[in-house]
Amino acid sequence: MIEIQNKNTSIDYQTVAEKIKNSGLKTVGRSSIREIVRLVNEIEQATGEKFIRMEMGVPGLAPPEVGTQAEIEALKAGVASKYPMIEGVAHLKDEIARFVKNFLDIDVSRNSCIPTVGSMQGSFGAFLLTSLLDSKKDTILFIDPGFPVQKQQMDVLGLKSEAFDVYNFRGEALREKLESYLKKGNISAILYSNPNNPSWICFTDTELKIIADLAKQYDVIVMEDLAYFAMDFRKDYSVPGQAPYQPTVAKYTDNWLMFISSSKSFSYAGQRVGMMVISDTLFSREYRTLEAKFGNPSFGYNMIYKVLYALSSGVSHAPQYGLAAMLKAVNDGKYDFVAEIREYGERAAIMKRLFTDNGFKIVYDKDENEPLADGFYFTFSYPGMDGVELLERLIYYGISAISLAITGSERVEGLRACVSQTQRSQFEALEQRLRLFNQNHK
Ligand SMILES: Cc1ncc(COP(=O)(O)O)c(C=O)c1O
């Protein structure tokens with residue numbers, strides 16, 4: 001535990017110190033998201049004070065009515081008693097393919113569009129299958145910072161990974177750095193999220209093209225995690241079939257698969273339904289290793305009928321109907337999903353200013369030369385303190401976040417803030433707490 005000299009904190013010092021001591025956490029500032037959640041729940045309960053909760057990326061908005069209604073109707077029609085097809089409900093597959101065309105400007109057949117139990121299951125399955133393709137390529141490369149649970153999936157699977165923090169390798173500098181890994185010949189796939197959790201950097205088209213070119217050259221599969229689809233609010237990606245489109249590596253290579261989560265872009269996290277889309281070329285690509293193991297050489301076939309079958313035998317029926325209805329409304333131009341979530345960008349702009357007005361700095365702040373977008377997450381630091389210490393100190397001021405140190409970031413001074421749970425009515429409390437923190441630490 002760190003020593004708090006100035007005990008004039010926003011939340012009762014004694015209670016926080018006691019809860020931290022009893023939490024069993026070795027270093028609060030290095031805790032996982034769920035550990036911070038538990039600690040803060042306990043402090044809130046003991047003090048009756050509400051925290052500014054920025055540790056967990058849960059949607060702070062209501063789910064779309066069209067999805068809920070479609071699920072109710074599907075349940076009333078009796079889908080609960082039937083096993084869903086593992087490849088997905090037919091009309092959902094059609095709507096996913098339309099969505100990919102409308103919002104990424106990429107052509108893909110319905111066969112290559114597969115529902116998964118959240119993007120979480122998609123990445124688990126993809127890590128598993130790509131590790132079986134070539135015995136020399138036994139490692140997945142993460143362009144970090146990244147989502148810690150995906151590393152946990154690699155650990156659970158017992159697979160090898162390598163990673164680098166992209167902070168110092170933006171733009172053309174990415175090429176040499178990426179190639180230094182790929183040329184070793186052990187990388188089967190590259191994974192990154194775009195927009196990025198936790199830093200909210202968004203790759204530029206120059207960078208996506210570099211990733212695609214090198215993936216082609218070294219025959220590496222690109223796994224593009226679009227968990228925050230269309231949430232770079234600097235551009236308007238909301239109009240179906242009309243530019244600008246959500247940037248994607250799929251424009252520059254056909255050796256890709258992508259995960260499109262419904263959790264944040266559609267506020268549908270609780271239903272655990274996401275989309276895995278595989279390029280038609282990769283879907284039908286044949287591997288001798290797969291044939292030897294599963295009796296069928298096709299990448300796509302094995303993803304569905306071996307991997308996803310073994311993991312969960314498909315996705316619950318009702319959420320597939322809910323997602324299909326939301327996508328249909330969006331594809332038909334009847335529902336603007338981006339309008340709903342733009343709120344996050346507006347909150348972020350205000351919250352970032354509250355931090356910087358009170359002595360804090362934004363850590364990841366640029367996409368090449370352009371200022372970073374305001375969105376679901378931002379990263380911040382306080383001069384003279386590393387992130388682990390900063391996080392523990394902020395707990396005494398009723399503010400929770402996570403340390404960048406657990407995300408593969410080399411910016412160990414930084415924390416990640418998620419804006420989704422902070423309501424506008426809490427901005428005043430946030431400002432007061434940040435001001436007091438700054439006064440006590442200047
Ligand atoms: C980068 C990233 N990928 C994947 C996920 C998981 O998405 P899902 O809820 O669809 O499983 C998240 C959730 O926070 C995420 O941030």
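**Two domains and a ligand shell**

Trainee: How many Å separate the centres of domain 1 and domain 2?
Mentor: This is a predicted model. The domain assignment gives domain 1 as 13–60 + 338–441 and domain 2 as 65–331. Taken over C-alpha atoms, their centres are separated by 29 Å.

Trainee: Which element supplies the largest share of the side of domain 1 that touches domain 2?
Mentor: Start with the contact itself: 29 residues of domain 1 meet 31 residues of domain 2. On the domain 1 side, helix H13 (337–356) and strand S12 (377–381) each give at least two residues. The largest share is six residues, and it comes from H13.

Trainee: How many residues of that side of domain 1 are nonpolar?
Mentor: Sort the side that touches domain 2 by class. Seven residues are charged and eight are polar. The nonpolar residues number 14.

Trainee: What is the radius of gyration of the protein?
Mentor: The protein has 15 helices and 15 strands. For 442 residues the globule rule gives 22 Å, and the protein comes close to that, so it is as compact as a globular protein of that length. Its radius of gyration is 22 Å.

Trainee: What share of the residues counts as buried?
Mentor: A residue is buried if 20 or more other C-beta atoms lie within 10 Å of its own. Apply that to the 442 residues of the protein, and the buried share is 51%.

Trainee: Which helix gives the most to the shell around the ligand?
Mentor: The ligand has 13 residues around it, and Gly118, Ser119, Met120, Ser261 and Ser263 come nearest. Four of the shell residues are nonpolar, eight polar and one charged. With three residues, spanning 118–130 as a helix, the top contributor is H5.

Note on methods
Residues numbered from 1 in each chain as written. Predicted model: local features only at pLDDT ≥ 70, side-chain atom pairs only at ≥ 80, totals over all residues. Near = placed C-beta within 6 Å. Helix = DSSP H or I, 4+ residues; strand = E, 2+ residues; numbered from the N terminus. Nonpolar A, V, L, I, M, F, W, Y, C, P; charged D, E, K, R; others polar. Rg over C-alpha atoms; globule rule 2.2 N^0.38 Å. Buried ≥ 20, exposed ≤ 12 C-beta atoms within 10 Å, placed from the backbone. Domains from an automatic or database assignment. Contact = placed C-beta atoms within 7 Å.
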